[in-house]
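Welcome! Here is a short briefing to help you find your way around a new structure.

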Amino acid sequence: MAEQGKATMEKITSLAKRRGFVFQSSEIYGGQNGAWDYGPLGVELKNRIAQNWWKEMTQLHDEIVGIDAAILMHPRVWEASGHVENFTDPLVDCKKCKARFRADQITLENLSEKKCPECGGELTDTRKFNLMFKTNIGPIEGGDNVIYLRPETAQGIYVNYKNIIQSNRMKIPFGIAQIGKAFRNEIVTKNFIFRTCEFEQMEMQYFVKPGADVEWFHEWKKRRWAYYERLGVKMENLRWHQHGPDELAHYAKDAYDIEYLFPMGWKELEGIHNRGSYDLTQHTQFSSKDLQYIDQDDGNKRYIPFIIETSAGLTRTLLMLLCDAYDEEKVSDKGDAEDYRTVLRFHPNIAPITAAVLPLQKKDGLAELARDIRAELMDDFATDYDQGGAIGRRYRRQDEVGTPFCITVDYETKENGSVTIRFRDSMEQIRVPRADLAECIRREIKAYKLIV
Ligand code: ATP
């Protein structure tokens, strides 16, 4: 059995399926590699993370606006961006067992000896493999009808940068934020939703004056780090990784990843990149449109802005938060047998259910009273109602999906209108008057600090 208390990918995957967070795509047909479906709690969690990021990026910044660009873009975009030529992974196949590997993910020894890491068979030469999904628009295949599913959301921002300046009178420095689907024909898609062929990104591109880029790059590194702190992530599980010269993408001047200690090791969560003037220079060249910025605050000087990018995976962040929040806590000894509860310690701002209302009993009008109280909370909070089974078991069910507050309605509620709030992390309970309930939840969310 896996070590008690620790998050493993098996436990996370199994909890995600059992409680309706994430299912394998097309499971009844044996599943589709690299694709996953988000169930009722999963879609709530994903939306909550997206809303939280959106608020952080747009609502809290005067100079950052949002956009929602199409997934299908003019194919020239991907020539300009360098994706047609450079967005490749090196690929090797085993001639014997037919296993396929990314050449950069097997040992140098195996690669130079052309030896399969799995069966010892002979490996093929390394080939370049483009990660973009190619399809056709219209009924005729090939030629001018080729179109790509976007492999990143960023290009939708660059090609709209002039539209946004003109329609919203943006002045440098300013940013454009976007959340949306991206597609990559990934060779290795293990580790649940970590690396998938269809995923979502949360990207923000910040346009700055050339020369101000280094300062803004550091500023955005600081802000993105602080963001995870506010989300309640255990900061010892995060670290910086600077790209060395051989890792830097063709467009990047400087790049740092925020890495998270997933159960399978340290892996990239978000990239913060100084892209220089690369993108807008390329689009100027390929589109023959003038994409210079006219700086009215600096004598109408014309220049191509530099871009600082923050690029996070939404679905990867969801996996990170599941792993980070996962806990198995020893709660009491039942004779020799140890009793553990599984609890997802989500920050209340992202928990799929904020408050669950539970009547102590179904009878004596408690169920009706509880439904009534739930109805009062519904407008302001994501709520759940559960009247089935022993109250202790119901608390555990809510713990397992990360509900921070359980509201229990009992006989005292009937008498004096007070209810119990039971806190997920400490399991403490307090009584509050029904009239103060919503305000109390709001206060607790604001003041939330993880206590374990
Ligand atoms: P990796 O090295 O993991 O392939 P990358 O460096 O290609 O990632 P970027 O192109 O910088 O990633 O994408 C930005 C973010 O998008 C990543 O930090 C990650 O969170 C997310 N992401 C990228 N590819 C995938 C994928 N296949 N599945 C899920 N999320 C992804």
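The points below cover the ligand surroundings and two sheets.

Please keep in mind that this is a predicted model. One open sheet has seven strands, and another open sheet has five. The ligand has 16 residues around it.

**Around the ligand**

- If you want a place to begin, look at Phe199, Gly271, Ser311, Gly313 and Arg316, which come nearest to the ligand among the 16 residues around it.
- Strand 10 (198-208), strand 13 (265-276), strand 16 (306-313) and helix 10 (314-325) each contribute at least two residues to the shell around the ligand.
- Strand 13 gives the largest share of that shell, with four residues.
- By character, the shell is made up of seven charged, six polar and three nonpolar residues.

**The seven-stranded sheet**

- Following the strands across this open sheet, you meet them in the order 3-9-10-16-13-12-11, and their pairing is mixed.
- Strand 3 (64-66) and strand 11 (238-242) are at the edges; each has a single partner strand, so one side of each has no neighbour in the sheet.
- From one strand to the next, the twist averages 25 degrees.
- Strand 10, strand 16 and strand 13 belong to this sheet, and these strands also each supply at least two residues of the shell around the ligand.
- At one end of the order, strand 3 runs parallel to strand 9 (residues 174-183), and three bridges join the two.
- To see this pairing in detail, find valine 65, which stands opposite isoleucine 176 in strand 9.

**The five-stranded sheet**

- This open sheet also has mixed pairing, and its strands come in the order 20-19-21-22-23.
- Its edges are strand 20 (383-385) and strand 23 (429-433), each of which pairs on one side only.
- Here the twist from one strand to the next averages 25 degrees.
- Strand 21 (residues 405-409) and strand 22 (residues 418-423) are antiparallel partners, paired over four bridges.
- Within that pairing, phenylalanine 405 has phenylalanine 423 in strand 22 as its bridge partner.

**Helices packed on the five-stranded sheet**

- Helix 11 (residues 366-378) packs on the sheet and touches strand 19 (355-359), strand 20, strand 21 and strand 22.
- The direction of helix 11 makes about 165 degrees with that of strand 19.
- Helix 14 (residues 437-446) packs on the sheet too, touching strand 19, strand 21, strand 22 and strand 23.
- The direction of helix 14 makes about 160 degrees with that of strand 21.

Methods:
Residues numbered from 1 in each chain as written. Predicted model: local features only at pLDDT ≥ 70, side-chain atom pairs only at ≥ 80, totals over all residues. Near = placed C-beta within 6 Å. Nonpolar A, V, L, I, M, F, W, Y, C, P; charged D, E, K, R; others polar. Pairing = 2+ DSSP bridges. Axes fitted to C-alpha atoms, helices over the stretch in contact; angles between N-to-C directions. Contact = placed C-beta atoms within 7 Å.
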